[in-house]
Amino acid sequence: MSHDTSQQSAPWTPEERESISAFMRRARIHESKLVPWGSNYTFAVVLVDPLEQFENTLAIYKPRAGEAPLWDFPDGTLYQREYAAYLVSQALGWEFIPITVIRDGPHGIGTVQAYIEPDHEEHYFKFRGDYLDELRKVALFDLITNNADRKAGHTFLGADDRRVWGIDHGLTFNVQPKLRTVIWEFCGERIDDALLMKLLEVSCDAELAARLRPLLDPLEIRAFQARAERLVEIGVFPELNPRRNVPYGW
Ligand SMILES: Nc1ncnc2c1ncn2[C@@H]1O[C@H](COP(=O)(O)OP(=O)(O)OP(=O)(O)O)[C@@H](O)[C@H]1O
Ligand SMILES: [Mg+2]
């Protein structure tokens, strides 16, 4: 069956997003359980609303203290990159990243992200043909954020909403080229004008830049803007290199 993905509407209104984010910041964190397969310490948690406006909700808590050191990213910055990536997706209006906040938790500061139950019957390589419009946006997002880890398993369909969701954006915004991705189907394709317009807007969005400033190095913000500008100039999805641009483990 084919889906008209160009019609995929936003998962929340801006007001809903704000009130969910506020809930995620104020919630008490209960029942923290380690997700055993992440390379960093990742916890599945239950958020309990002290104001009792929201029902108990599952979320993913990735504390800064649980980040494994990497040679090519400054220590203790992955949670900031994760949140910066979320802010970029919001600024683009391409809302494929679950609502994310930075807050304190049982293991200190980190990100808390809404949990999305994946449709386990589906797999990126199976559903991608039906969601090309959404995946073009994810591919462009990865190009401008320089995402070093777009794995198939982290690009999935929600079990309830059958939307495309993307998670795990800690390895982003490096100034060195690091794109690693499983999304190869658009190489050489012309980028649609409406998408180019979004890239142009985001490359000179002063409000976004101000929100990224506490999270990233100034050079990383400039490099992010420059990657978006460059894509607007060339107007096509760039060719990728089969040795450099594939993730470790899919
Ligand atoms: N928002 C989310 N919704 C549903 N599941 C999630 C979410 N975020 C993370 N997970 C689950 O937690 C696991 C680990 O999270 P994540 O991939 O972000 O951390 P990581 O340390 O970078 O792991 P990896 O080594 O797999 O890259 C994911 O493979 C996924 O199963
Ligand atoms: Mg990861």
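Q: Before looking at the helices, how are axes and angles defined here?
A: Axes are lines fitted to C-alpha atoms, for helices over the stretch in contact, and angles run from 0 to 180 degrees between N-to-C directions. The model itself is predicted.

Q: How do α4 and α7 cross, then?
A: The axes of helix α4 (residues 132–145) and helix α7 (residues 218–234) come within 7 Å and cross at roughly 130 degrees. The two helices are therefore oblique to each other.

Q: Which residues make that contact?
A: Helix α4 contributes L140, L143, I144 and T145, while α7 contributes F224, R227, A228 and L231. Six of the residues in this contact are nonpolar, one is polar and one is charged.

Q: Turning to the sheet, what is the strand order?
A: The sheet is open, has five strands with antiparallel pairing, and follows the order β1-β2-β3-β5-β4. Strands β1 (28–34) and β4 (100–103) each have a single partner strand, so one side of each is left without a neighbour in the sheet.

Q: How many bridges join β2 to β3?
A: Five bridges join β2 (residues 43–48) to β3 (residues 57–63). L47 has T57 of β3 as its bridge partner.

Q: Which strands do α1 and α2 meet?
A: Helix α1 (residues 14–26) lies across β2, β3, β4 and β5 (110–114), at about 30 degrees to β4. Helix α2 (residues 78–92) touches β3, β4 and β5, and its direction makes about 145 degrees with that of β4.

Q: And which residues come nearest to ligand 1?
A: Of the 15 residues around ligand 1, the nearest are G38, S39, N40, I60 and D168. The shell divides into seven nonpolar, seven polar and one charged.

How values were computed. Residues are numbered from 1 along each chain as its sequence is written. Chains are lettered from A and ligands numbered from 1 in the order in which they are written. This is a predicted model: local features need pLDDT of at least 70, side-chain atom pairs count only at pLDDT 80 or more; totals for chains, interfaces and linings use all residues. A residue is near a molecule or strand if its C-beta atom, placed from the backbone, lies within 6 Å of it. Ala, Val, Leu, Ile, Met, Phe, Trp, Tyr, Cys and Pro count as nonpolar, Asp, Glu, Lys and Arg as charged, and the others, Gly among them, as polar. Helices (H or I, at least four residues) and strands (E, at least two) are DSSP runs, numbered from the N terminus. Angles under 35 degrees count as roughly parallel, over 145 as roughly antiparallel, 65 to 115 as roughly perpendicular and the rest as oblique. Two residues are in contact if their C-beta atoms, placed from the backbone, lie within 7 Å. Two strands pair if DSSP finds at least two bridges between them.
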